[in-house]
Amino acid sequence: MNTSTQFDRDYDYIVIGAGTAGCVLAARLSEDPRHRVCLIEAGGSEQHPFIRIPAAVGAAIMSPKFGWGLTTVPQPHVNDRRIPLPRGKVIGGSGSINGMAYYRGPAQDFDDWAAMGNPGWSYAELLPYFLRSEHNPEYAGSPYHATGGPMGVSFPTSRNRLCEAFNAGIAALGYEYCEDFNAPEPHGYGYRQGTIWKGRRVSTASAYLRPAMRRPNLEVLTRTHARRILLDGRRAVGVEIQTGEGVRRLGARKEVVLCGGAYHSPHVLMHSGIGDERDLKSWGIEPRHHLPAVGRNLHDHPSAFVVMDMDDPTSYGVSWKALPRDIANIAQYLVKRTGPLASNLFETNAYIKTRPGLDRPDMQVVFQPARRNIKPFPIPIGHGFVVAVVCLYPKSRGRVRLAGPDPLAAPLIDPALLSDDADLDALIRGLKLARRIIAHEAFAKYDARERAPGASVTDDDGLAAYIRETLVTVHHPGSTCRMGPRGDDTVVDHELKVHGLEGLRVADASVYPRVVGGNTNASIVAIAEKASDMILGKPAPAPIERRAAAAPEAADAREPVEA
Ligand SMILES: Cc1cc2nc3c(=O)[nH]c(=O)nc-3n(C[C@H](O)[C@H](O)[C@H](O)COP(=O)(O)OP(=O)(O)OC[C@H]3O[C@@H](n4cnc5c(N)ncnc54)[C@H](O)[C@@H]3O)c2cc1C
């Protein structure tokens, strides 16, 4: 195939998907003005107050303007419910609508990736990329943090008083305060940082892409859907796109880099004829390359929660009692960019080991000092709080499949939630622990009432039924184009090249050998940073071994402020 005559336009690199990973890749690949880079994004601009203001996160997630509107297929183990799966369809992708919690994951997770046959992916080898991406003066002097990188990271400038009660409740169970959740072995409870800078959300769109968009060698195509990757024999040579004006073909002289995320990267591969050939044939798609693991191994973190209501107005939220305070908070944000509106509202949490003998936390306990609305609404109405428990190493595995031959149709997403009983058992254990935290005397003065599961639900069967009725995921899907040595359950090699093909890499949450035990955004930024070095043929930075010394205390140990 002669590319110059076959394509409407030619580039050196085409990046599909301007999400967390894609924005990093487009920015890094276009640093050299000799490279012509094209970034293709199905969604539109992220320049909107819902995305910019941290406390508007609920509105950003719920707005159809910024999302794909995906759900699971009916889940047999959770009462056949279709669980909503928010995913960003906007510049910045899911990083433009996420909860902004900054968490890398325990070092052991990355060492496991390397041990699964992925040289170059151990913690020591990835730490330089975490540092390269970060601007985090609050931990200045720590060997695990850096300043000068693109992603601003900080503690929210507001700490709701209820967080103190949560911290007291979990401390009473014997867990210790964690000074730094992003040191190599995080464990315990405490305040956590977010990708928030000067009161505004930081995404890879704001940190990497926007500054790079001034470059004449980077073209960003928004509201443009990548229909399929074009192959010439075993080589990716371009991308077929669809815009409001119709279908066009773009050529990639060097590489196509797929960053569509855990649901859409396998979707685009399958529409390109790369996947399980039997499935592809069943939809009339010509198989070009048999790779049965495309779309498989899907897993996400399942979560259950205890919901408390109260009349006391201490929690974040809107009520007549809280109106003067809420108006003052808005004024504070408009004038100073600080206060509750500059917070992601999830200010404290815990990563804990729930059983003896574990080498890393198996459960996250998330504290939300705001009422959970009975009907979905972007801001909390009334007062209360939520203690959510998250199973960090779920055993259930599901799959992304095609719904049909139309590349614009949504994929069928089946995370097979709770298909392994171990995940349900973990969540039952977690709910019991959440109730013990809430039972602590520090909460007594708030006189809160348990709305869910409800006082009458006490035994394991009742808790299991409650979990099946209410389970959600915390939006960390991955591993659908798993990295590993060639075999039936991997899609890319340790250089993120699609097995058996040339000129095509995948770099996003889909390549996780196993999803990290915690929030995922930071590790995806590191994956993308490393991918850019590999694509450009740059030598890997020297590994940074774990230091024996504990990271120093956070420079900013501020007092909780009144919400
Ligand atoms: C509601 C929510 C809350 C979260 N909270 C946190 C948190 O607090 N902390 C944390 O660390 N992580 C959080 N996460 C997870 C984290 O944000 C994601 O794991 C991460 O953003 C995924 O990055 P990605 O690059 O793999 O995919 P995405 O960021 O989803 O990017 C994929 C991009 O590709 C585009 N795309 C897909 N298909 C096509 C196509 N065919 N053509 C063109 N474009 C296409 C999409 O529109 C999107 O922009 C959250 C996620 C969500 C959704």
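## A tour of the predicted model, stop by stop

Begin by selecting helix H2, residues 20–29, which is mostly covered, with ten of its ten residues buried. As you step along H2 from Thr 20, you pass Ala 21, Gly 22, Cys 23, Val 24, Leu 25, Ala 26, Ala 27, Arg 28 and Leu 29, and each of these is buried. Keep in mind throughout the tour that this is a predicted model.

Stay on Arg 28 of H2, which is among the buried residues of that helix, and add Glu 31, Arg 132, Glu 529 and Asp 533 to the selection, since these residues together with Arg 28 are linked in a network of salt bridges.

Next, select Asp 32 and Arg 34, whose side chains meet in a salt bridge with an N to O distance of 2.6 Å. What is the relative accessible area of Asp 32? Asp 32 has a value of 19%, and because buried means under 20%, Asp 32 counts as buried. Arg 34, by contrast, is exposed, with a relative accessible area of 69%.

Now move to Gln 75, in the loop between strand E3 (70–71) and strand E4 (84–85). Gln 75 is buried, with a relative accessible area of 0%. If you display its surroundings, leaving aside residues up to four places away in sequence, you will find that Gln 75 touches Asp 80, Arg 81 and Ile 83, and also Ile 413, Asp 414, Pro 415, Ala 416 and Leu 417.

A second loop residue to select is Asn 160, found between strand E6 (151–152) and helix H7 (162–171). Asn 160 is likewise buried, its relative accessible area being 0%. The side chain of Asn 160 reaches the backbone nitrogen of Leu 162 at 2.9 Å. Then add Gly 339 to the view: it is 179 residues from Asn 160 along the chain, while the C-alpha atoms of the two residues are separated by 9.9 Å.

For another pair of charged side chains, select Arg 451 and Asp 309, which meet in a salt bridge at 2.9 Å, N to O. This pair links distant parts of the chain, with Arg 451 in strand E23 (residues 449–452) and Asp 309 in strand E17 (residues 302–310), 142 residues apart. Arg 451 counts as partly exposed at 28% relative accessibility, whereas Asp 309 is buried, with a relative accessible area of 12%.

Compare this with Asp 359 and Arg 360, whose side chains also meet in a salt bridge, again with an N to O distance of 2.9 Å. Here Asp 359 is partly exposed, at 43% relative accessibility, and Arg 360 is buried, at 11% relative accessible area. How many salt bridges does the count come to? The count comes to 35 salt bridges.

Finish with helix H12 (residues 421–438) and helix H13 (residues 460–470), whose axes come within 10 Å and cross at roughly 105°. H12 and H13 are therefore roughly perpendicular to each other. To see the contact, select Leu 424, Leu 427, Ile 428, Leu 431, Lys 432 and Arg 435 on H12, together with Asp 460, Leu 463, Ala 464, Tyr 466, Ile 467 and Arg 468 on H13. Coloured by class, the contact of H12 with H13 shows eight nonpolar and four charged residues, with no polar ones.

Definitions and conventions
Residues numbered from 1 in each chain as written. Predicted model: local features only at pLDDT ≥ 70, side-chain atom pairs only at ≥ 80, totals over all residues. Heavy atoms only, no water. Axes fitted to C-alpha atoms, helices over the stretch in contact; angles between N-to-C directions. Helix = DSSP H or I, 4+ residues; strand = E, 2+ residues; numbered from the N terminus. Parallel < 35°, antiparallel > 145°, perpendicular 65-115°, else oblique. Contact = heavy atoms within 4.5 Å. Nonpolar A, V, L, I, M, F, W, Y, C, P; charged D, E, K, R; others polar. Buried < 20%, exposed > 50% of the residue type's maximum accessible area, 1.4 Å probe, protein only. Salt bridge = Lys/Arg side-chain N within 4 Å of Asp/Glu carboxyl O. Polar contact = N/O pair within 3.5 Å; in protein donor to acceptor, adjacent residues only side chain to side chain.
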